[in-house]
Amino acid sequence: MTYNELFELAQNKGFNNIQVTEETKKENSIYLINKKIEDYTDCEKTTYTVKAEKDGKTEQIYTEYLDESIVDLLLEKILETESKYEDTYLDINKNNTIDEEVNIDIKEELDLLKNLNYAKEKYEKVQSLETAYSDTYTKTRIVNNKGVDIATSSRNYELYVEASAKENDKIATYSESTLSSNKKEINIKRIVENALTLATLGTKKKRLENKKYNIVLNNKLASFILNELQKMLSAEAVHQKKTCLENKKNEKVFSNKLTIVEEPLNKKYPGYTIFDKEGTNTINKILIENGTIKNYLYDIKEAIIDKVESTGNKYNGIGTRNMFIVPGKKSLEELFNEMQDGIYITNYLGSMGSSINISSGNISFQVFGYIIENGKLVSGFEPAIITTSIFELFSNIEDIGNDLKFSTRTVASPSLYIKEISISGE
């Protein structure tokens, strides 16, 4: 069914507006264990989100196909709902459809992963090495009955590495994921060797005392925490009184060393998009500046409540693209040297949703990582519990690394050197 046929059918059944968001994804990916291919994927998939308005009510449906039944389902949902929410629809003056051919090919990376050459005697404790690489093109298109036809696209490359090592009865695992819009920025050999080195070091484990430690959060874990902060900045959470950052706009709540921005229009990063899933133009913006909250995140519905403009943050709910902590100037090794003694936290166990309470800001989850003495990694540590809050964690920032890294399109962070955080190791 063509879009025009869908729109005509909807209008014949009394709908005033109908709009389709189409997402097409082309992906080529490979998964290997110990350099042997376990899985290979070459696929293309298109999905649709259809929203329509009738009698002052708007409803939407997510679907993998378009036919007459979609209009009937929308009509059924409209009749069943008592909500009078009227959504907005794009105007006819928006038309910038892109039509580009994309060649997805990972042969070069596949050959490299199959023929990885590293000194096995140096990593003799390593039992397994898992690697995965993907090349993904995503195109989002919005079409409606007002003549709108707009599109935006991005192409990203992702590498995942996981190494496991064993010494006596001690098993250690280290994993790392990198997502980039520039494949040349992904140094496969360096990332693999780093994983092998840290997995090997992790087999030597010590138990931590229960006390406050100076810590370095690696960019992976800092990004996971930042993802929860994004939820705290949602205008929907503010309106529902579900965030600890309610009524904190223009208030200094974190370290003056912390600045967080969202740059969806920055092509250097993997979340590049010129509009959100409602068709609102995205904008680069400062969310937190020197510890002060500057902006909340809005979609159209929440913006209407506050009588402001949408910030272009409607995705699957209110979310972000290319939100990140502005990096500092020091390398990870320089952060270690600055701290001298403490711990380097690289991973966690548990659901972030239950481990970080966005209403209170409290944080508690199991962590894994390494002990630092005299600025050097000396061993791993037994699983421990970190207990803090988003306020303490981001207020105690001593320094910020230069190793900004994305593993998703939504958020990213460099490593963070943070002072005096409670860790329980017993």
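The following questions and answers concern one serine and several salt bridges in a predicted model.

In this predicted model, local features need pLDDT of at least 70 and side-chain atom pairs count only at pLDDT 80 or more, while totals for chains, interfaces and linings use all residues. Residues are numbered from 1 along each chain as its sequence is written, and side-chain values use heavy atoms, with hydrogens and water left out.

Reader: Is Ser-164 buried or exposed?
Author: Buried means under 20% relative accessible area, exposed over 50%, and partly exposed in between (1.4 Å probe, protein chains only). Because its relative accessible area is 13%, Ser-164 is buried.

Reader: How many salt bridges does the structure hold?
Author: A salt bridge is a side-chain nitrogen of Lys or Arg within 4 Å of a carboxyl oxygen of Asp or Glu. One of them joins Lys-231 to Glu-228, with the closest N and O atoms 3.1 Å apart. For the structure, the number of salt bridges is 22.

Reader: Which residue of the pair Lys-231 and Glu-228 is buried?
Author: Lys-231 has a relative accessibility of 36% and therefore counts as partly exposed. At 3% relative accessibility, the buried residue is Glu-228.

Reader: How many residues apart in sequence are the parts that Lys-314 and Asp-299 tie together?
Author: The side chains of Lys-314 and Asp-299 meet in a salt bridge at 3.6 Å, N to O. Lys-314 lies in strand E12 (residues 314–315) and Asp-299 in the loop between strand E11 (292–293) and helix H7 (300–306), so the parts tied together are separated in sequence by 15 residues.

Technical notes:
Helix = DSSP H or I, 4+ residues; strand = E, 2+ residues; numbered from the N terminus.
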